[in-house]
Amino acid sequence: MTYQEKLKDPQWIKKRETLLSERGEICQSCGETKELTIHHGYYRPKGDPWDYEEGSLWVLCWPCHERLQVSLTEIHQIVGHINPKSYGKFKEVLGKSIDGFEVGITKNEIDDSIHEYQFGITVGELAEILKEEKDAERAIYSAYSVSIISSSELGPTIAYELEEAVCQRFPGIGTGVYEAGGERDGIVSVEGPDAEIASMIEAWCHKRSGQY
Ligand SMILES: [Zn+2]
Ligand SMILES: [Zn+2]
């Protein structure tokens with residue numbers, strides 16, 4: 001399986017949905033609520049996208065992601081210029097909770113598995129991975145479709161508002177608004193290959209339609 005294919009794997013979609021929901025669906029850098037993605041604080045070139053500690057995964061909006069990914073690459077480069085004799089001291093400093101910094105790992109949690117992977121991906125390689133992630137994200141929900149019921153009494157406004165929100169939140173998803181008298185506006189049903197993911201999408205829709 002290529003990395004691109006792994007990004008569409010239900011395991012990754014579930015991890016992604018869970019993280020987004022747990023972190024309140026806002027960018028952990030700027031607070032934006034649209035165009036959210038999951039940033040990997042580091043990569044294991046042969047690893048699966050979901051096989052990371054949660055402390056190294058961050059919810060970011062795409063503009064922050066693209067900007068901060070470059071900063072991260074620069075940090076990797078700076079690390080490459082540290083005299084190896086200072087690694088011990090450097091790890092100690094990084095492992096401490098630095099004032100004003102949110103650090104997802106403590107020194108004791110740095111596990112041996114990291115040694116199997118190469119450190120220091122080039123800017124070009126990272127840009128390539130980032131592009132793959134963005135493409136995969138656009139395709140990720142395309143196997144799913146949401147049916148939104150619009151009651152004849154209340155008119156279609158809420159149903160169409162919900163449809164727009166769904167399309168923004170789940171890029172590539174199929175949607176349809178159907179008129180049905182008597183039912184409450186915005187009642188949805190979701191279809192797709194993975195029942196668990198479909199119910200995650202449905203839960204999001206219900207939560208969202210409750211806000212109207
Ligand atoms: Zn942001
Ligand atoms: Zn990233």
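## Starting at the tail end

Gly210 sits in the segment that comes after α7. With a relative accessible area of 54%, Gly210 is over the 50% cut-off and so counts as exposed. Along the chain Gly210 is 23 residues from Ile187, and the C-alpha atoms of the two are 9.9 Å apart in space. Please keep in mind as you look around that this is a predicted model.

## The overall layout

How many helices and strands does the protein have? There are 7 helices and 5 strands. If you walk along the sequence, they follow the pattern α-α-β-β-α-α-α-β-α-β-β-α. The protein has 212 residues, and 37% of them count as buried.

## The zinc site

Let's turn to the zinc ion (ligand 2). Which protein atoms are its donors? They are ND1 of His39, NE2 of His65 and OE1 of Gln69, at 1.9 to 2.0 Å from the zinc ion. Written as a sequence spacing, the donor residues of this zinc ion read H-x25-H-x3-Q. The pair His39 and His65 links distant parts of the chain: His39 belongs to strand β1 (residues 36-40) and His65 to helix α3 (residues 62-80), with their positions 26 residues apart. Gln69 is also found in helix α3.

Are these donors buried or exposed? The cut-off for buried is under 20% relative accessible area. His39 has 9% relative accessibility, so His39 counts as buried. His65 is at 0% and therefore counts as buried, and Gln69, with a relative accessible area of 3%, is buried as well. Gln69 and His39 also touch each other directly: their side chains make a polar contact at 3.3 Å.

Leu68 is another residue of helix α3. Leu68 has a relative accessible area of 27%, which means that Leu68 is partly exposed. Its C-alpha atom is separated by 9.3 Å from that of Ser29, a residue 39 positions away along the chain.

## A pocket between two domains

The second largest pocket has a volume of about 720 Å³. Its lining is made up of 26 residues, and those nearest its centre are Glu25, Thr33, Gln168, Arg169 and Trp204. Four elements each give two or more residues to this lining: α2 (10-22), α5 (123-140), α6 (157-169) and α7 (195-209). Sorted by class, the lining holds 12 charged, 8 nonpolar and 6 polar residues.

Why can we say that the second largest pocket lies between the two domains? Domain 1 (3-140) and domain 2 (145-209) both give residues to its lining, so the pocket lies between them.

## Two glutamates with positive phi

Most residues other than glycine have a negative phi. Glu25 has a positive phi, near 55°. Glu35 is not a glycine either, and its phi is positive at about 55°. Where do these two residues lie? Glu25 is in the loop between α2 and β1, and Glu35 is placed in the loop between α2 and β1 too.

Glu25 is worth a second look, since this residue is among those nearest the centre of the second largest pocket. With a relative accessible area of 18%, Glu25 is under the 20% cut-off and so counts as buried.

## Around strand β5

Ser189 is part of strand β5 (residues 188-191). Its relative accessible area is 37%, so Ser189 is partly exposed. Ser189 and Cys205 are 16 residues apart along the chain, and their C-alpha atoms are separated by 9.1 Å.

Further along, Asp194 lies in the loop between β5 and α7. Is Asp194 buried or exposed? At 15% relative accessibility, Asp194 falls in the buried class, because buried means under 20%. Asp194 and Ala143 are 51 residues apart in sequence, while the distance from C-alpha to C-alpha is 9.3 Å.

Note on methods: Residues numbered from 1 in each chain as written. Chains lettered and ligands numbered in written order. Predicted model: local features only at pLDDT ≥ 70, side-chain atom pairs only at ≥ 80, totals over all residues. Heavy atoms only, no water. 1 Å grid on protein atoms, 1.4 Å probe; cavity = no way out; pocket = protein on both sides within 12 Å on 5 of 7 lines; lining within 4 Å. Points joined across faces, edges and corners; volume = space filled by probe spheres on them. Nonpolar A, V, L, I, M, F, W, Y, C, P; charged D, E, K, R; others polar. Domains from an automatic or database assignment. Donors = N, O, S within 2.8 Å, 3.2 Å for Na, K, Ca; no water. Buried < 20%, exposed > 50% of the residue type's maximum accessible area, 1.4 Å probe, protein only. Polar contact = N/O pair within 3.5 Å; in protein donor to acceptor, adjacent residues only side chain to side chain.
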